[in-house]
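Student: Could you take me through one part of this model closely, beginning with an aromatic residue and working outwards from there? I would enjoy one connected answer.

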Amino acid sequence: MIAMVQQTTVPNLLTISRILLVPVVVGLFFLDSPLGNWLAAFIFIVACITDYLDGYFARTLKQTSNLGIFLDPMADKLLVAATILMLVGMNRIESIHLIAAVIILCRELLVSGLREYLAEVRVTVPVSQLAKWKTSIQMTALSILIIGNIPALPLPLHEIGLGGLWIAAVLTLITGFDYLRASFRHI
């Protein structure tokens, strides 16, 4: 407990808040109304912003910790996985588009396992710029899919969100392969 209190930094508090927002996003899906969609999207976006901010503060304030190194990727994966599962459960991602969702989920599990292994051998693999773009596109696509189509808006938001999901899935394959290749010399 003392170690956790000692490691309570701004980035860690943001990461913990992101983890705490995951059940809120999931719960809001059950409102199954336009208001529920907007609220879920808003909370999801707030959680995504905490992801950016905790990285920013960790770098600028030089506040990295073992707790943050462990929790940050876990928080990201919990948020993405829970949101994708809810979108599938609510039939907002279905049919052929499930392939994109499965690609994203599988890569997240693979990278988590690799990071865990590499941490044991004291090796870190930095996040690439392409992986950051992948995350941005993925979070944008998921936000759009949470909102769904807006009747007064002539844009096909659902289709745009699915297109973004596919772009994220392709980038997921590329960045996952890059991560695997960088890890091989340490395995």
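Tutor: Happy to. Let's begin with Phe57, which counts as partly exposed because its relative accessible area is 25%, between the 20% limit for buried and the 50% limit for exposed. Keep in mind that this is a predicted model, so a word on confidence belongs here too: the chain averages a pLDDT of 87, and 96% of the residues score at least 70.

Phe57 has aromatic company. How many aromatic pairs are there? The count comes to two. Tyr52 and Tyr56 make a stacked pair, with ring centres 6.3 Å apart and 20° between the planes. Both tyrosines lie in helix 3, four residues apart, which is about one turn of the helix. Tyr56 also pairs with Phe57, this time edge-to-face, at 5.4 Å centre to centre and 65° between the planes. Tyr52, Tyr56 and Phe57 therefore join into one aromatic cluster, since rings pair when their centres lie within 6.5 Å. As for accessibility, Tyr52 is exposed at 54%, while Tyr56 is partly exposed at 36%.

Now to a residue with a rather different setting. Phe44 is also in helix 3, which runs over residues 34-60. Is Phe44 buried or exposed? Phe44 is buried, because its relative accessible area is 0%. Setting aside residues up to four places away in sequence, Phe44 touches Val25, Leu79, Thr83, Met139, Leu142, Ser143 and Ile146. One of these partners, Thr83, is 39 residues from Phe44 in sequence, yet their C-alpha atoms are 8.5 Å apart in space.

Val25, another of those partners, leads us to helix 2, where Val25 is among the buried residues. Others on that list include Pro11, Leu14, Arg18, Leu21, Val22 and Phe29. The buried residues of helix 2 pack against helix 3, helix 4 and helix 6. For a check on the geometry, the 20 residues of helix 2 (residues 10-29) should span 28 Å at 1.5 Å a residue, and the end C-alpha atoms are 29 Å apart, so the two values agree. There is still a kink of about 25° at Leu21, shortly before Pro23.

Arg18, one of the buried residues of helix 2, brings us to a charged residue in helix 4, Asp76. Asp76 is buried because its relative accessible area is 17%, which is under the 20% cut-off. Leaving aside neighbours within four places in sequence, Asp76 is in contact with Arg18 and Asp51.

What about the cysteines? Cys48 counts as buried because its relative accessibility is 16%, whereas Cys106 is partly exposed at 46%. The number of disulfides comes to zero.

Finally, let's return to confidence, element by element. Which helix has the lowest mean pLDDT, and which the highest? Helix 1 (residues 2-6) has the lowest, at 46, and helix 6 (residues 129-147) the highest, at 95. Over residues 1-6 the pLDDT is below 50, and that stretch has two contacts in the model beyond near neighbours in sequence. Helix 6, for its part, is one of the helices that the buried residues of helix 2 pack against.

Conventions:
Residues numbered from 1 in each chain as written. Predicted model: local features only at pLDDT ≥ 70, side-chain atom pairs only at ≥ 80, totals over all residues. Heavy atoms only, no water. pLDDT = per-residue confidence, 0-100. Helix = DSSP H or I, 4+ residues; strand = E, 2+ residues; numbered from the N terminus. Contact = heavy atoms within 4.5 Å. Buried < 20%, exposed > 50% of the residue type's maximum accessible area, 1.4 Å probe, protein only. Expected span 1.5 Å × (residues − 1). Bend = angle between axes of the 7 residues up to and from the residue. Disulfide = S-S within 2.5 Å. Phe/Tyr/Trp six-rings, centres within 6.5 Å; stacked < 30°, edge-to-face > 60°.
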